[in-house]
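These are my notebook entries on a few residues that I looked up, one by one.

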Amino acid sequence: MRVLVTDKVRFTELTPALVRIESALLDVAATRTDPDVIWITAIQNGKHMPTSWHYRNAALDFFTERGVAFVDVESFVADLRLALGPAFTVLHEDAGTPNEHVHTQVRKGITYP
């Protein structure tokens with residue numbers, strides 16, 4: 001399992017929240033046999049609402065290579081939720097569309113750390 005970053009991903013600060021999300025993502029991915037590659041597709045990309053946690057460097061989106069699905073994305077999401085704990089939100093968004101991805105962020109109303 002490899003976790004890669006698309007060329008469109010940019011961020012201005014490696015915050016504790018991003019480190020925690022990325023660490024949990026790597027930990028969960030290491031326990032899985034699917035998929036072979038996970039792509040981080042967005043941190044700051046200019047496509048989110050101005051108030052998005054993405055622009056606070058406290059959220060990221062990821063998915064597999066386009067056209068290559070998780071064998072069980074809901075199981076992956078559940079494992080990531082467990083790994084991150086209650087301070088984070090993990091959502092499977094836009095399922096079945098070309099924009100399908102998993103969104104992770106610090107839970108609203110929480111300051112992390």
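Entry 1, Gln105. I worked from a predicted model throughout. I asked first whether Gln105 counts as buried or exposed. I found a relative accessibility of 9% for Gln105, and this residue therefore counts as buried, since buried means under 20% relative accessible area. I then placed Gln105 in strand S5, which covers residues 101-106. Next I looked up which residues touch Gln105, leaving aside its neighbours within four places in sequence. I noted contacts of Gln105 with Ile21, Trp53, Ala58, Ala59, Ala87, Phe88 and Thr89.

Entry 2, Thr15. I located Thr15 in the loop between strand S1 (2-5) and H1. I recorded 9% relative accessibility for Thr15, so Thr15 counts as buried. With neighbours within four places in sequence left aside, I listed Arg56 and Asn57 as the contacts of Thr15. I followed up Asn57: Thr15 and Asn57 are 42 residues apart in sequence, yet their C-alpha atoms are 6.3 Å apart in space. Which atoms of this pair did I find 2.4 Å apart? They are a polar atom of the Thr15 side chain and the backbone oxygen of Asn57.

Entry 3, Val19. I assigned Val19 to helix H1, residues 16-30. I read 42% relative accessibility for Val19, which means that Val19 counts as partly exposed; the partly exposed class lies between the 20% and 50% limits. I also looked up the surface patch that includes Val19. Phe11, Leu14 and Val19 form this nonpolar patch, and I noted about 270 Å² of accessible area for them together.

Notes. Residues are numbered from 1 along each chain as its sequence is written. This is a predicted model: local features need pLDDT of at least 70, side-chain atom pairs count only at pLDDT 80 or more; totals for chains, interfaces and linings use all residues. Side-chain values use heavy atoms; hydrogens and water are left out. Patches are made of residues with over 30% relative accessible area and no salt bridge: like charges are joined within 9 Å, nonpolar side chains (Val, Leu, Ile, Met, Phe, Trp, Tyr) within 5 Å. Accessible areas come from the Shrake-Rupley method with a 1.4 Å probe; for residues, only the protein chains shown count as cover. A salt bridge is a side-chain nitrogen of Lys or Arg within 4 Å of a carboxyl oxygen of Asp or Glu. Helices (H or I, at least four residues) and strands (E, at least two) are DSSP runs, numbered from the N terminus. Buried means under 20% relative accessible area, exposed over 50%, partly exposed in between (1.4 Å probe, protein chains only). Contact means heavy atoms within 4.5 Å. A polar contact is a pair of N or O atoms within 3.5 Å; within protein, one must be able to donate a hydrogen and the other to accept it, and residues adjacent in sequence count only if both atoms are side-chain atoms.
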